[in-house]
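Work through the exercises below with the sequence and the model open. Try each task before reading its solution.

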Amino acid sequence: MNDLLESCGKVVYDFVIVGCFVLKMDIHEYQAKEILRDYGVKTPSGFLVHSAAELMDFKDELVGKSVVVVKAQVHAGGRGKAGGIKLVTDMSKLDSVVEAMLGMRIITKQTGLDGKIVRKVYIEDGSSIEKEYYVSVLLDRETSNIVLVASTEGGMDIEEVAEHSPDKIAKVYVDPTIGLQGFHKRNLGFALGFSGQEFKDFSAIIDGIYRAFIENDANQIEINPLIKTKEGELVALDAKMSFDSNALYRNKQIVELEDKDESDPLEVRASEFDLNYIKMDGSIGCMVNGAGLAMATMDIIKMYGESPANFLDVGGGATEDKVREAFRIITSDSSVKGILVNIFGGIMKCDIIARGIVAAASTISIKVPLVVRLEGTNSEKGKLILKESGMNIVPADDLQDAALKIVRAVR
């Protein structure tokens, strides 16, 4: 839960963090629990279904059950408040609960107004809850340490606890070169009031989630709530995990867990062309080479009163085809009212970008204002290519000039 830490950089744009450039991949709760079980963390037993008819495949698992919980599997917190978690105490009604939940649109603070469509649900055993806690592990980029966070106030409103009662949030910072030590676990465990066997069980959970974090290149692992049952067991009742997309090449087992139905279709399409693209809520489409330059471009658009419609980094080795596809993706977004291309040529030569822009404009109907700023390697060649194309492309001298021109154009 990033609200528990100060973000690095000045502005946070969804998954792209200024100064850090973090792209993450999320997985579903049921997948996160499978991973946690491999690291010795107890979770309730459960199974996944995509339709009410599939319940017949699990009739043996349901024999003798008096209480189960039906959970919508979407990449968003706050499902419970949005109707995505239902307690079923009458097994004759399980079919109808599952059928009603499948296909519903979950709308929370994290999904935006479009929400998320429920395509699968997880059905797990009910638990006898005596106390709820919060536990997470994530990377603090400001200190370059791993931070473990815990609270006695687990549940759906942990964000409010962090904001209004920060004294109820305990944190320990772990130097990754040294690793998790006993005193880290003691500080967290004592802050939650654990002792004896409960402390030993809690220490095992901290060991497990820390190893899962390190060994899978995770960005964050969150258990909310971690419950103490009336039988005295500590159980992960819910779990969320996200992973560093830049490290997925060495974690093929995590790549296999990706659910592309949960991603924006344009982001999926961009990934197929090795483009770093994130959809945003603004009106100015951006095409830039380099994460830092992309951040600066988005910041200056905001400074002049508009908002970026996307983050799109074509990278240092873009080809004409790649640039053309980038334009297709940007213009596929109906919210884009203008496009700003900001290229600083180094490895990426400006004339290649210019030819890609001309090729794209000749095959794609670009009906919105297009401002282009080229600087660096072969910039003069690039500007000449754009000028001789005869197309309605507005040149810019520098980043400030480019931002002013595109903001004025969309207004």
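## Exercise 1: A loop and a recorded site

Gly346 sits in the loop that links strand E19 (338-345) to helix H11 (350-363). Helices (H or I, at least four residues) and strands (E, at least two) are DSSP runs, numbered from the N terminus. The model is predicted: local features need pLDDT of at least 70 and side-chain atom pairs count only at pLDDT 80 or more, while totals for chains, interfaces and linings use all residues. Residues are numbered from 1 along each chain as its sequence is written, and side-chain values use heavy atoms, with hydrogens and water left out.

**Task.** Is Gly346 buried, partly exposed or exposed, and which class holds Met348?

**Solution.**
1. Take the cut-offs: buried means under 20% relative accessible area, exposed over 50%, and partly exposed in between (1.4 Å probe, protein chains only).
2. Gly346 has 38% relative accessibility, so this residue is partly exposed.
3. Met348 lies in the loop between E19 and H11. Its relative accessibility is 2%, so Met348 is buried.

**Task.** Which residues does UniProt list under "binding site", and why can they be said to gather at one spot?

**Solution.**
1. The unreviewed UniProt entry places this feature at Asn289, Gly346, Ile347 and Met348. UniProt positions are given in the numbering used here, feature names are shortened, and annotations may be inferred rather than shown by experiment.
2. These residues span 60 residues in sequence, yet no two of their C-alpha atoms are more than 10.0 Å apart, so they gather at one spot.

## Exercise 2: Helix H1 and the core

**Task.** How many residues of helix H1 (residues 29-38) are buried, and which residues have the most contacts inside the largest nonpolar core?

**Solution.**
1. Seven of the ten residues of H1 are buried. They are Glu29, Tyr30, Gln31, Ala32, Lys33, Ile35 and Leu36.
2. A nonpolar core is a set of buried Ala, Val, Leu, Ile, Met, Phe, Trp, Tyr and Cys residues joined through side-chain atoms within 4.5 Å.
3. The largest such core has 40 residues, and Ile35, Leu36, Leu148, Phe202, Ile209 and Ile221 have the most contacts inside it.
4. Elements that each supply at least two residues of this core include H1, strand E11 (145-151) and helix H6 (196-215). H6 gives the largest share, eight residues.
5. A second, separate core has 30 residues, among them Leu275, Tyr277, Ile364 and Val372.

**Task.** Which residues touch Leu148, apart from its neighbours within four places in sequence?

**Solution.** Contact means heavy atoms within 4.5 Å. The partners of Leu148 include Val137, Val172, Leu188, Ile206 and Ile209.

## Exercise 3: Backbone angles

**Task.** Which peptide bond is cis, with omega near 10 degrees, and where does Asp217 lie?

**Solution.**
1. Start from the general rule: most residues other than glycine have a negative phi, and most peptide bonds are trans.
2. The bond from Asn224 to Pro225 is cis, with omega near 10 degrees. Pro225 belongs to strand E13 (218-229).
3. Asp217 lies in the loop between H6 and E13. The phi of Asp217 is positive, near 50 degrees, in a residue other than glycine. With a relative accessible area of 18%, Asp217 is buried.
4. Ser144, in the loop between E10 and E11, is not a glycine but has a positive phi of about 60 degrees. Its relative accessibility is 51%, so Ser144 counts as exposed.
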